[in-house]
Amino acid sequence: MVERFFTVGIQMLCMLVIAQFLKPSEFGLISMMTIFMAFSSILIDSGFGQALIREQNVTQEDYSSVFYFNIILGFMVYVVAYISAPAIAAFYNEPQLTDLVRVSFLALVLQSFTVVQQAQLFKNVEFNKVFRISLVSVVISGIIGIAVSVMYRNAWGLVAQSLSFALLRTSLFWILNKWRPSLQFEWSSIMKYLKFSANVLGSHLMAAIADNMANLFIGKAYSSTVLGNYSVPNKIQSTISGTTSYSIHRVSYSVMATFQDDAERLRQYSQKVVGMAFYIIAPIMLFLMIEADDFFNIILASEWSVAAHYFKYLCIIGGIFCFADINMDILLVKNRADMVFRIEFVRKVLLVVVLFIGIRYDMEILLMILVAYNVFNAVFVSYFAGREIEFGLLSQAKAILPTLVCLAVMGSLAYYLCQVDIDYRIRFTVNLLTAILVYSFISFLMRNPYHSYLAETIKGYARMLKQ
C-alpha cells in the first residue's frame, strides 16, 4: 500500500502541478486516447501475469515462453496503433492526436518486457523491490513531465511523463529482478495457461474498454474541454479509491490463492479485506464530496471550477468501488474465470447502454446515470462473489453496518461545518481534522472491528520500522 500510494500519489501531485500550466482541453486530448491505451496494455499482458502468479509450479521454460510471447504481442500492438493513429485523430476531429498516439504507445512496447519480471516479484511477495522501482520511476518521470509542461504548455508534458515512467520502470525491473529468459519457446507452455489467461484477458479487455468508455463518449459527444473537466477529477477520485482498493487486493489475491480450497478461511479473510477497504475509502470520499468546492479552490485554478462540481458525483462512485473491485478476486481465486467473463460481459454491455442514453443529455444527467450504474455494479458483483463463498448480500450488508453508522455521523457534522462563512482554506482544514477525529472516535465507541484491525496493523507496521 505504501508503494502504491507513493507511486500514484506522486503522479497525482505532478498532474496537479502540470494542470497549473495546461488548459482542461490539453488533458482532454490525452484522455481521448486512454481507451485505446488501456485496451492495448491489457492485450499485451494477455492474462498471463495473473496466471503465472496463481500457478504453483512454473518452470523456466514456462517463464521464457510467456516472455517471448508478450514481446511479440507488444510490437504487434504498437504497429497497429501506429497505423490507426490518423483514424483515431479523425474520429475525434483532433489532428494533433496522430503524433500523440504514435509516441505515447511506445510505452506499451516497454511494458511487454516486464510482464514476467513483475509477475515473479508479485508471486514471491517482494513488494519492497516493487516499491523502489515505482518510487524512483514516478519521481524522475514526474520531474520530466513538469519540465516539458512548463516549456511547451501542451499535452506533450503528459506524454513525456508517461513515456519516461515506462522506460525507467522497465529498466529497474530488469536491474532488481535477476531472472533472465533462456532460449526456449514452447507452445505447450503457452497452452498450459491459455484457458485461465483467456478468460482473464476477455474480462479485463471488457473492463478496460468499459471503464474508459466514458472518455470515448464524452470526448466525441461534447469537447476536449468538457472531457478534461471530467478526466482530472476522475483521476483524483480513482487515485484515492482505486489506489487503496488495488493496494489491498493486489496482496490479498496472492494470499487467498494459498488457501483457495479452504472455504471458511476464504470467506472470513475475503470479507475482512472488503470491509477494511470500505472503512478506509468511504470516509475520504464522503468528506471530499462535501468539501469539493473548497478542495478544488485549494489545488487548482479557478478555470477548473466545473471539474469540482463533477467531482461530487465521482466521489460516490469512488466510495463503493471496492465492492466490485475486490469481490471479483474471490471468483478468480475460486477458479471461476468463466463466471468473471460472463459478469464482465453483462455489466459492460449495460454500461454502454447507459452511456448511449446519458450523452443525449448534459453532463450532470450523465453523471447521475453513471452513479446509478456503479451502485448496481457493486451489488451485482458482490452477489455472485458471495454466492461462491456462501456469504449473501444481507450478510455482507450487516458486516459494513457499523461503518455506515460512523459515516452518517461524520458526514452530518462535515456538511454542517462546510456552511460556516470563513476563509475556505481554514474551513477545509478545520473540517478535515474534525472529520478524522469524529470518525475515529465513533468507530472506537462502537467497537468497529475494522477500526481495531486498522489500529493493530498500524502498530505492527510501526514496530517493524523500529526494528
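I started with the second largest cavity, which holds about 50 Å³ of space. A cavity here is a set of points on a 1 Å grid over the protein atoms alone where a 1.4 Å probe fits but cannot get out, and the volume is the space filled by probe spheres set on the points.

Before going on, I noted that this is a predicted model, with local features needing pLDDT of at least 70, side-chain atom pairs counting only at pLDDT 80 or more, and totals for chains, interfaces and linings using all residues. Numbering runs from 1 along each chain as its sequence is written, and side-chain values use heavy atoms, leaving out hydrogens and water.

Next I looked up the cavity lining: Gln271, Val274, Gly275, Phe323, Gln396, Ala399 and Ile400 (each with an atom within 4 Å of a point). H14 and helix H19 (393-417) each supply at least two of these residues; helices are DSSP runs of H or I, at least four residues, numbered from the N terminus.

Then I followed H14 itself. Helix H14 covers residues 263-290, 28 in number, and reaches 40 Å from first C-alpha to last, close to the 40 Å expected (1.5 Å times one less than its number of residues). I found a kink of about 25° at Ile281, shortly before Pro283; the bend is the angle between axes fitted to the seven residues ending there and the seven starting there.

Last, I checked Lys348, in helix H17 (residues 337-358). Lys348 is buried, at 7% relative accessible area (buried is under 20%, 1.4 Å probe, protein chains only). Lys348 and Asn377 sit 29 residues apart in sequence and 9.4 Å apart in space, C-alpha to C-alpha.

How values were computed
Helices (H or I, at least four residues) and strands (E, at least two) are DSSP runs, numbered from the N terminus. Buried means under 20% relative accessible area, exposed over 50%, partly exposed in between (1.4 Å probe, protein chains only). On a 1 Å grid over the protein atoms alone, a cavity is a set of points where a 1.4 Å probe fits but cannot get out, and a pocket is an open set with protein on both sides within 12 Å along at least five of seven lines; lining residues have an atom within 4 Å of a point.
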